[in-house]
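I wanted to see where a ligand might find open space here, so I pulled up the pockets. What lines them, and which elements supply the residues?

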Amino acid sequence: MQASAWNSEPPLSEQSDGQPSSPAPHAPREVSRAVGLISVFVLLSRVLGFARDAIIAATFGQNAITDAYLYAFTLPDTLWMLVAGGAFYAAFVPVITEYFTHGDEDAAWKTYSIVTTFLFVCLSVVIPLAWIFARPLLEHFIARGFTDYAVIPRFGVVHPLSMAVEMTRIVLPAQYCFFLGTLMMGMLQAKKRFLMPALGPVFYNVGIIVGGVLFHRELGIAAFSWGALAGAVFGNLILQMWAIRGIGARFRPSLELGFPGVQRAGKLVLPVIFGVSLPQATSLVNGIFVAEIPSAKSILEYSNRLMQLPLGIFGQAIGIAVLPLLSQQAAQDDMPAFRQTLNYGIRLALFLTVPTSILIIVLAQPLITLIYERGAFTAADTANAVPALVFYSLGVGAWSAQAVVARAFYARNDTWTPVLAGTFVTFCIFVPLNFILTPLFNVPGTPLLTRGPALATSLASATNTLLLLFYAGKRFGGINSRRMLLSLAKVTVASLPMAGVAWFTHRLLRDHAGPSLLALADRLLGGGGHSLAVFLTAALQLVVAGGLGLAVFAVVAFLLRSEEIHELKGLVRRRRKG
């Protein structure tokens, strides 16, 4: 009976006859417009994030110093996970959207005021405790085995664990901004105002870059932590406070926890507090397993952030865009439209992320070279990071689909299902896979050492997504899985010739254009031209090989009559007319 839920079909109005067609008339347009806006600023934020990482890598390399910087963010991120920061948003938006949908603005703002006050009080207890106990938490739990003595070329003797503790205490207060800012972003997105929430991460990364560039000589790598704090204050707090004034913000401090909206949101948040979300646990668990492996934390983080590029631009953007619409349709009990929006969101996410992730796998080496390889970050560091990026990228499609389907449960006021699925996968699959795969691939002196955690992450994400899709079909009366599987099959078939063309072009340019550019740079700039030649070769490989690959994908997808490419083509045509 459970299998029939996955395969059950919705009413005929929601089915596809295999011809290019659109979902419900307004859902794809509304979702696509929001996705377009969010994706632009996510891309900008990610570009700034890569600039930030490139500056850190060029200045400090990939060693115990950068490991310390990355571990400094682990305790604050763990705090976000344990206090269910993301869950407050997921539980909050559907409740607020329902109030707005029914015209009850007073109840919406009262709910916001009470939740904000309560969260501020909780943080005022938890953050000081985390600040006080930062060292034992890092030393014995989060970064167990992480050294406090290392000799780094160019930097001499350093104390990485002590550095991590110091930077942890710098960035912990930023959690006030993230938690409270998330609630304000939720209010804006419930009103379908996506611009200012999308700008928050942009200013956050600008803060990190400015702080690090201006003060790293005086403060060392801790300058980037101070920049993170400044960026959080402005981008996630001050900017959002200014934005919600434009939608008639009415904040009155209150702890009336018995208010119906708060009760409903609290019931939705409660399971997340006692569960473990797989997306939030991956970095923490991976970091624990590689704490004793030199530079492994940095390799995993740098690779993971490159993998996050298509996931953030497409997967997360689609998830953010569909949640208010799904919540509105759930509040109106319009299940046909709800299923249409969910189906469209998943298909669009897979259509955009599957070919992109395959391109990242094929072009992993020039991508890492272009972003990171300069200054203290060497070609050997690139070689070490490539396998991790390849194995992380295997899970991009699954992560993107999970970002959409989990929000469908949130929109139906169900946080139990995503949390139970995530908790099961984390403890029964993800952690055991780390135990098995990390030592299996840990061969000192080779670039294999981070393959284990990266592969464990991708396998766990695929399992988590399949579980959520199965229960979505059961819970929502079918999600038209045949339509999704047909779409995924077409995307996969179109991606194969794309990968072949991109790989062949990449190798051709590497073997022929690379030496020519190196010889030209040496003649023009002397020995100092090597880095420029490497950079230009990588850029040429990405632009030409990636561009040709995407062109092939578009042609094959069109010939296969992929629904999504026709929907995107229609959106572009409507934009030109409008």
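Started with the second largest pocket and asked which helix gives the most to its lining: α15 does, with six residues. Worth keeping in mind that I'm looking at a predicted model.

Next I checked the volume of this second largest pocket, which comes out at about 440 Å³. I count 23 residues in the lining, and the ones nearest the centre are L350, V354, G397, A398 and L488. Besides α15, the elements that each put in at least two residues are α18 (396-411), α20 (451-475) and α21 (481-525). For chemical character, I get 16 nonpolar and seven polar residues in the lining, with no charged ones.

Then I moved on to the largest pocket, which holds about 640 Å³ of space. Its lining has 24 residues, and L309, T356, L359, I360 and L550 sit closest to the centre. Two or more lining residues come from each of α2 (27-60), α14 (296-331), α15 (335-362), α16 (364-372) and α22 (530-559).

Which element has the largest share of this lining? It's α15 again, giving six residues. I noted the split by type as well: 21 nonpolar, three polar and no charged residues line the largest pocket.

Last entry, on α15 itself. I have this helix down as the top contributor to the lining of the largest pocket, and also as the top contributor to that of the second largest. Charged residues are absent from the lining of the largest pocket, and I found none in that of the second largest either.

Key: Residues numbered from 1 in each chain as written. Predicted model: local features only at pLDDT ≥ 70, side-chain atom pairs only at ≥ 80, totals over all residues. Heavy atoms only, no water. 1 Å grid on protein atoms, 1.4 Å probe; cavity = no way out; pocket = protein on both sides within 12 Å on 5 of 7 lines; lining within 4 Å. Points joined across faces, edges and corners; volume = space filled by probe spheres on them. Helix = DSSP H or I, 4+ residues; strand = E, 2+ residues; numbered from the N terminus. Nonpolar A, V, L, I, M, F, W, Y, C, P; charged D, E, K, R; others polar.
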